[in-house]
Each structure stands twice: as structure tokens, then as C-alpha cells.
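Work through the following exercises with the sequence and the coordinates side by side. Each task is followed by a solution that proceeds step by step.

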Amino acid sequence: MNSYSMHLDIKIALSFFMAITFSATFAQDLIPISDEGTVESTNCDNGIIITDSNADDGNYLPGETYQMTVCFNTLVGDSIQVSILPQFNQNDTLNVWDVDENSTLFIYAGTDTDGDLLGAFNSETDPNGVFFQTDVPCITLVWESGENSSGAGFLAQFNCLQDLQPFNVSVLIDPPFGLSTDTFPDIGPDANVITFCFGDTLSFSANASFPLSDATGDGYEQLTEETTFTWDMGNGDVFEGLGLTELTYGYPDPGGYFATLTITDVMGQQETYEAYFLMAPRPIFSNIVFGDTLCLGDTTIITGGILFPDTVGVSPQTGAVQPNYDFTDSRFLPDGNGEEYQTTIEIEGYLDDPVITEPGDLVNVCLNMEHTYLGDLEAWLTCPNGQSALLFDGFGGAGGYPGDGFGGGGTFLGDANDDGSEAEGIGFDYCFSDDGPL
């Protein structure tokens with residue numbers, strides 16, 4: 001049997017997409033386990049990195065036996081994370097995990113070997129490295145290398161995992177637009193709504209205050225310059241940087257935009273500020289009072305403006321708030337008779353308790369797919385109340401969605417790969433609305 005692949009990029013109007021990338025850098029010294037003794041870190045502020053002896057030009061030697069204890073002194077309600085992951089690089093230094101079957105790294109809970117053995121590790125028992133966490137304040141490492149044994153050894157990282165600390169966010173906008181008191185369709189009454197004129201440039205100033213920063217001596221320090229500010233302007237423009245508290249921006253086109261500021265501290269705690277920004281359309285003046293001739297220095301009257309509910313002297317335009325966030329999920333589907341696979345994607349970013357009352361409320365759903373046999377597939381949308389709507393049924397209908405142009409059950413979707421490998425092909429977009437496929 002060949003193996004087939006299917007790649008789905010699911011896009012739903014008014015959904016929410018967030019891509020968060022976490023990175024870590026280590027400025028600490030590398031401590032060889034041959035130093036032995038106890039290594040301590042206070043207040044969880046610094047991680048600890050332990051290596052093998054590196055006695056032979058970076059390699060360990062046969063017949064070594066060393067013991068070292070790692071402690072985080074003020075560990076209260078937190079935990080120690082242990083990671084020895086050779087696939088990652090930190091500061092251009094390869095995280096090493098090369099310990100042959102004749103050597104072992106033992107890890108115990110506590111300050112000596114009388115504590116519980118948390119594991120005995122080498123590259124034979126754990127070829128992908130070591131990663132776990134424990135809630136004890138100290139752990140003890142014992143390193144033993146066998147006769148005629150040698151290798152690159154290990155680089156073990158120890159970090160204190162603390163409870164995340166919430167913080168406060170405020171945003172000032174210049175010119176100092178106040179929040180609108182008008183009521184707008186499809187925007188909740190408690191939402192932040194800011195209206196401004198065509199062509200206005202906005203200057204944003206964000207402030208993150210950290211009331212719990214190292215408040216008890218057991219917390220961690222939160223600094224603005226070490227905090228990531230991500231400005232998503234709601235139209236595809238995103239600005240991100242450490243300490244990026246100031247931003248000047250002008251929307252190029254009139255309309256409504258749902259913007260989000262996401263602030264992430266050094267430990268990953270996130271707080272957000274959300275607002276709807278509604279730019280008025282460019283006015284077209286139609287009620288200009290003057291004759292055929294207007295001389296230099298003459299005075300005339302121009303009447304213009306948009307007043308609710310009437311329009312005076314201006315041809316009004318309308319616009320809708322369309323965040324157009326994307327959710328993307330991909331899954332390789334191996335071939336098999338009677339096998340079933342499903343992917344669930346949680347969608348956020350709507351108003352509280354949104355309800356689809358008529359088909360036109362859902363603009364469209366787009367799937368980016370590549371697959372060699374339409375008859376394998378069917379797709380449904382399921383609401384929280386359990387109601388479902390069929391997008392297409394290639395399996396039951398053997399011809400896909402009625403009138404969809406997909407063809408028979410053997411139809412290829414996209415530029416699918418049919419050579420028996422697991423390599424992905426090229427997906428094509430297939431979109432559906434309340435009227436059927438687009």
C-alpha cells in the first residue's frame with residue numbers, strides 16, 4: 001500500500017492566530033562535574049550548566065567517578081527542570097549527549113545519593129537525551145565512566161521553574177482619542193473602540209507594571225527591557241521587540257481593525273490589550289455653495305461631515321471589522337483500511353458567546369489540501385452545541401460535495417504525492433461558503 005499525505009491549512013473568518021516562539025540563551029559558565037562539591041543558585045535567577053570532565057580535549061576519560069550537587073536555595077513551590085538535549089544549540093555551543101553504554105550519569109533527589117534515584121542515563125538507554133522536572137530543591141549527579149570508555153560526554157542544563165507572575169498593562173494613544181461611546185454592530189459594549197479620521201497617524205505608548213517582580217525574595221525579576229512587546233495591528237502588520245513600548249503607526253486604508261498588544265515577560269507570562277480601531281472613510285464633499293466663478297479672496301461655504309443618523313454634504317462609505325486571523329494545522333495520514341483520523345482546532349478571538357443565526361454569518365472556510373484519493377476524505381464543521389455542517393463527503397458520496405466540481409472518489413486534491421513516500425505534495429486551496437464550494 002502506498003502512504004498518502006494530507007496537509008490542511010484551515011482558515012476561518014474572525015478566528016485568531018498566534019505564533020509564539022520561545023528562545024533561551026545561557027550566559028552562565030560551564031561547570032565540569034570533575035569540580036565536584038555543591039553548586040547553588042539563589043532566587044531562581046540563574047540557571048546552572050554542568051558538563052562532563054572534558055579531560056581529553058573535550059571528551060571524558062575511562063574510569064572516571066565524580067559527584068556534584070545542584071541546589072536552588074529558595075525553591076518554594078517551584079521545580080527544577082533538567083534538560084540534556086543534543087538537538088539544540090545555545091550560544092553556538094552544541095548541547096552534548098554522547099555517553100556510551102559502559103558509562104552512566106546517575107541523578108538523585110536531594111543532597112547526596114541517599115535520596116530517590118531519579119534515573120540512570122546514557123546514550124543507549126536514552127538516545128534522544130534527558131528531559132524531566134522535579135519539585136525538590138537539590139539534586140545530586142553521579143558520573144561513572146567504564147573501562148576503555150570515552151566520548152563527547154554531556155552538557156546538562158538545570159533551571160528553576162517558577163510560578164508565573166501576572167502584571168498590569170496600560171496603553172496611551174496620541175492624539176489623545178477617548179474611547180467611543182457609540183454603539184457599533186458586532187462589537188460588544190465593553191470593548192475598547194477608538195474612532196479617528198482618515199489619514200490620522202497614531203502614536204502608542206505601552207506601560208507594563210510588575211507589582212510581583214521579586215516581591216517576596218522568592219519571585220523572579222520582571223524588567224521592561226527584558227519583556228517582549230508584540231503589536232498586531234489587525235491588518236497583517238506585526239511589530240515585535242524587547243522593550244518595544246513605543247510605536248507610531250498609520251493605517252493605510254479606512255475601515256475597522258481589531259488590534260492586539262501581547263506582552264510576554266522573561267518567564268512566559270502574557271498579558272494583552274485589545275482595541276477596535278475604526279478609521280473614517282475619506283469624505284467626498286458634494287454640497288459646495290458657490291457660483292460658476294470664484295475669485296481670489298472670495299469667501300464661500302463648504303458643508304461636510306458625517307452625523308448619525310443623517311449625512312450632511314458627504315457621500316458616506318461603510319466598512320466591516322475583519323480580523324481575518326488564521327488557524328493552521330497539518331497532519332500526515334498514513335494509508336490504512338478503516339482507519340479514522342481527526343484534528344480539532346480551538347478558535348479564539350470572537351466576542352463572548354457568539355451565535356451563528358443564519359448561513360451568511362459564516363463568510364467562508366478554506367482548506368489547503370493535497371491527497372491522492374478524494375474518496376478517503378470527508379470534512380465537517382461542528383459547533384460547541386453539537387450541531388454540524390457538512391463541507392464535503394468524498395467517502396460517503398464517492399463524488400464529493402454535490403456540484404462541487406471535485407469529480408469522483410479517485411480525484412487527486414492538489415499536486416498530491418503518489419510515490420509511496422511520506423513526502424508532502426503541494427496543497428491547493430478549496431473554499432466553501434453557505435452556497436457551497438467557491
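**Exercise 1: the first sheet**

Describe the sheet that runs in the order β3-β5-β13-β10-β11, and state which strands lie at its edges.

Solution. Five strands make up this open sheet, in the order just given, and their pairing is mixed. Here strands are DSSP runs of E with at least two residues, numbered from the N terminus, and two strands pair if DSSP finds at least two bridges between them. The edges are taken by β3 (37–41) and β11 (117–121), each of which pairs on one side only. On average, neighbouring strands of this sheet are turned by 15 degrees against each other, direction ignored, where the axes are lines fitted to C-alpha atoms and angles between N-to-C directions run from 0 to 180 degrees. Within the sheet, β5 (residues 65–72) pairs with β13 (residues 138–144) in the antiparallel sense over seven bridges, and M68 stands opposite L141 in β13.

The model is predicted, so local features need pLDDT of at least 70 and side-chain atom pairs count only at pLDDT 80 or more, whereas totals for chains, interfaces and linings use all residues. Residues are numbered from 1 along each chain as its sequence is written, and side-chain values use heavy atoms, with hydrogens and water left out.

**Exercise 2: the second sheet**

Which strands stand at the edges of the sheet β16-β22-β21-β18-β19, and what is left without a neighbour there?

Solution. This open sheet has five strands with mixed pairing. Its edges are β16 (193–196) and β19 (238–242), and because each has a single partner strand, one side of each is left without a neighbour in the sheet. Neighbouring strands are turned by 20 degrees against each other on average, direction ignored. The strands β16 and β22 pair in the parallel sense over four bridges, with I194 opposite F277 in β22.

**Exercise 3: the largest nonpolar core**

Which residues of the largest nonpolar core touch the most other members, and which strand supplies the largest share?

Solution. A nonpolar core is a set of buried (under 20% relative accessible area, 1.4 Å probe, protein chains only) Ala, Val, Leu, Ile, Met, Phe, Trp, Tyr and Cys residues joined through side-chain atoms within 4.5 Å. Of its 26 residues, I50, L141, F154 and F158 touch the most other members. Strands that each supply at least two residues include β4 (48–51), β6 (79–84) and β12 (130–134), while the largest share, four residues, comes from β14.

**Exercise 4: V266**

Where is V266 placed, and why does V266 count as partly exposed?

Solution. V266 lies in the loop between β21 (255–264) and β22 (270–279). V266 counts as partly exposed because its relative accessibility is 47%, and that class runs between the buried limit of 20% and the exposed limit of 50%.
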